[in-house]
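Me: Please take a close look at the strand pairings in this model and describe them in a connected account. Please add how far the model may be trusted there, and what surrounds the strands elsewhere in the chain.

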Amino acid sequence: MEKRKAKFGLLALAVALTAPGAQRLLADQNDRAHQIGAKLKCMCGGCDQSAAKCYHVGGTYSGPCDTAKGMLKEIDAHIAQDKNDEQTLQAMIAEYGPLAYVEPPKSGFGLVAWLMPILYLLGGTGLVIVIMKRWRKRPAAVSGASMAAAGAGHASVNVTPELLARARELARRETED
Amino acid sequence: MDVFGSFALILAFVCALYAFGGGIAAIITRHPLLIKSARQSGMATCGLIFVSTLSLVYLFFSDNYSVAYVVSHSNRDLSTFFKVAALWSGQEGSLLFWSFLLAIYVFSVLFTYRNKNGELMPYVGVILAGVQLFFLTISNFVASPFKVLGVANAGGAFDLVARADGNGLNPVLQYPEMVIHPPNLYSGYTGFTIPFAFALAALLARYPGEKWIHLTRKWTMIAWCFQSMGILLGAHWAYAVLGWGGYWGWDPVENASLLPWLTGTAFLHSVMMQEKRGMMKVWNVWLVFVTFMLCILGTLLTRSGVVSSVHAFAQSSIGSWFVGFLCIVLGVCLAAYFKNKDYLKSENQLDSLVSRESSFLFNNLVLLVACVAVLSGTLFPVFSEWFTGQRISVGAPFFNKVNIPLGLLLLFLTGVGPLLAWRKTSTESLLRNFKWPGILGLLGGVMGFVFGFREMFSLICLILCVFVASTIVQEFYRGARVVRIRSGASWLASCVDLTLRNTRRYGGYIVHFGMVMIFIGLSGQAFNKEVEKELPIGSTARVGNYDLLLQSMDQKQEKNYVADRMIVEVLKHDKPVMMLYPERRNFPTNQESGTMVAIYSTLREDLYVVYAGMNPQTGLPTIHAFINPLVKWVWWGGMVVVMGTIVALLPNRAAVVVLSKAESPAHAPEVGRMHPAQVTLREGND
């Protein structure tokens, strides 16, 4: 009796663990399909969106359009064959060609796309540094501060109301936001 | 009415032609009457464009189905509200609407400055007339919205015909945001014409000083504000209508709207360098030129079909006209620059690398790099096709990888920049200003890590958001404390007083705070969850902490569509929270369908539910549900940005100098000889 109870308990535990486990597995599979789909371009021809997120206007379904849904189902089928993410991705690329990548490949002409932002940033930073160096070398213009310093340092300088007003205006302009 | 509208449009073209040609003659001859007549012709152009636009609106309201544009974009059952939106739902109408918004700006400028800036305004008038002339040429001779329907009769002549009803408006446009999103975005695009006209005019006329900057600041901010609102409303429309669960997909048309916004933002910052220090004059002029050209490029991308876009409803073959116009604008800008570049020499030097000036330089650098990276990414498929014969896709993952680090760098500078002093910042000042924001930022990071922010960029974003928000709060606190000591008012009143005294500075801080809120919203994207499931009636789908119970399905008959609706009860921890009604609308007029997403939105997350359709094989409805954390922060942040811009546009509350009594009151001291201690500055409206 005790043995039967124990067997029944084990069976119940196994069912309890397996049912959510199976659900979890299915959900994971769905997530994986979406993650792989996010790396592939939807082949609907109307946009450059990914198969996981194609929201091409006029699609029959909301969310991924019909073409994208078909691609996600294909990915699901590959996953069901126990292929890992990379194998699934390569299987899809083999079917649709290298242009099915949603982002440029990091080789050949596609590499240019990746290098461009880095070059912009480096080139821009270099330019800013050159500009700053040139500005640092430039002789100082007569400013409010320098005029005030001149006034403070040399008691003999005649600070006329016009000069003071000009200095104030310059100081106001350069210090106020 | 179609003849009336068409005639007004032709007359507007003639007037613009005179404003342009007569204006050039006026600049050469300096004849006052010629100057006046060119200006008045420019104003008449605007009036005639108003008349023409209102005629087209009337054609929609009166269901005049003899006009091809009305037939294509409206039908009798379309509500009055959406008949207004039909005006800009197609190529021809949207171009006329563009002219209409531009005319509002042009009329405002010509009228406001009719008796001012006599040296500059003739140039401004000519440039504005030139831009108007281009759009009027398109609307009159290439894509007229007043074309009528006709059939050839036996004699070979055409007889006019009228249809009983129209084809209806594209379903995805039948949404309230579509009535306000395009006008906002177009107001942004067209608004940048004004600073462009003033910058080019100042360069051509060698107009002295920074006055053109002061004149255009307000116009630039208005255009920038509209552009920001337009982008955010477009994002909200995509979120609530397209049903894919997101709001920004890096579509070429979305990118096109972002490009002038980025350069416009850079200009709003770098312009301060010219105002305060007389620096970056060349840079500012070119930023304005580039911003305007990007507006035209954006229009070209939207309408030409050069790049694949989900905004397919606005594509046509008028792209070559825009390319031509863009080339002319670039040619004129280059010629004006090389002829007068000596006029743009900087006046000042850079005193220190740790200064406000440096932070503005780097801010501009990041904004410009982001702009060029987005532009080259958008056009890369075209380039790759030219060079290799294959069209290489550049989708959202590429733009995210490139722009997220740049965005974070910009967020960092948003916090740092305002705390650095002009000219030079001392080490003590740096420590004083950054100590608490730095500590709070790191604490925020630790808290975020503990509460599950494990994704690197989201965590960095959280740290920076807390840091920037702290710097802003610190600035308000310090300023309000001084006001409070003087006036004894409450903290809130002191903050308001402080803001009204220097609207530009504190309005700017409010804008920055809005941007922080937007970044908080963006950081939530890393934690999105979704589920898609066929759902029999009475069963549930689980997403996040929510259970979605499909209670029933029903059908709702409206005037212009039939909606199939899911009736979904939302349960959280087994407790009912609310009912949601996601629906699919079928429009019989044009045999199309669209979604209406149901969203339960809180500051923490959005529960976003889509009725994704009925599976024809199983006959079961499919539900697509998302948990999108922190999305609301994006929309609220947008509102704060708009509010801050409005504050920054307000004039400063005037400071009043009140002289205190001198110790020896016999002779009132002269201001020029007065000791500073004798002057009490009481700022306010008293």
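**Strand pairings in chain B**

Reply: Strand 6 (residues 562-572) of chain B is paired with strand 8 (residues 583-587) of chain B in the antiparallel sense, through 4 bridges. The model is a predicted one, and every statement below is to be read in that light. Within this pairing, B:Asp564 has B:Arg584 of strand 8 of chain B as its bridge partner.

Strand 8 of chain B is in turn joined by 5 bridges to strand 9 (residues 592-596) of chain B, and these two strands run antiparallel. Here B:Asn586 finds its bridge partner in B:Ser593 of strand 9 of chain B.

Strand 6 of chain B also pairs with strand 7 (residues 575-580) of chain B; 5 bridges join the two, which run antiparallel. In this pairing B:Glu569 stands opposite B:Met579 of strand 7 of chain B. Strands 6 and 7 of chain B form a hairpin with 2 residues between the strands, and B:His573 has a positive phi near 50 degrees in that hairpin.

Further along the chain, strand 10 of chain B pairs antiparallel with strand 11 (residues 605-614) of chain B over 4 bridges. B:Ala598 has B:Val609 of strand 11 of chain B as its bridge partner. This pair belongs to an open sheet of 4 strands in chain B, ordered 3-12-11-10, with antiparallel pairing. Strand 3 (529-534) and strand 10 (598-601) of chain B each have a single partner strand and stand at the edges, so one side of each is left without a neighbour in the sheet. On average, neighbouring strands in this sheet are turned by 15 degrees against each other, direction ignored.

As to confidence, the mean pLDDT of chain B is 86, with 92% of its residues scoring at least 70. Among the elements of chain B, the lowest mean pLDDT, 35, belongs to strand 14 (residues 679-683), and the highest, 95, to helix 19 (residues 631-649). Across residues 656-686 of chain B the pLDDT is below 50, and the model gives this stretch 22 contacts beyond near neighbours in sequence. Where pLDDT is low, the predicted coordinates should not be read in detail. For the model as a whole, the scores are ipTM 0.79 and pTM 0.84.

The helices of chain B offer some context for the strands. Helix 13 (residues 356-388) of chain B comprises 33 residues and spans 45 Å between its first and last C-alpha, close to the 48 Å expected. At B:Phe380, shortly before the proline B:Pro381, helix 13 of chain B has a kink of about 50 degrees. B:Gly389 follows helix 13 of chain B and has a positive phi, near 85 degrees.

Helix 2 (residues 32-61) and helix 5 (residues 91-112) of chain B have axes that come within 9 Å and cross at roughly 145 degrees. The crossing of helix 2 of chain B past helix 5 of chain B is left-handed. Among the residues in contact are B:Gly42, B:Cys46 and B:Phe50 of helix 2 of chain B, together with B:Phe97, B:Phe100 and B:Ala103 of helix 5 of chain B.

Definitions and conventions:
Residues numbered from 1 in each chain as written. Chains lettered and ligands numbered in written order. Predicted model: local features only at pLDDT ≥ 70, side-chain atom pairs only at ≥ 80, totals over all residues. Pairing = 2+ DSSP bridges. Axes fitted to C-alpha atoms, helices over the stretch in contact; angles between N-to-C directions. pLDDT = per-residue confidence, 0-100. Contact = placed C-beta atoms within 7 Å. Expected span 1.5 Å × (residues − 1). Bend = angle between axes of the 7 residues up to and from the residue. Left-handed = near helix turned anticlockwise from the far one by under 90°.
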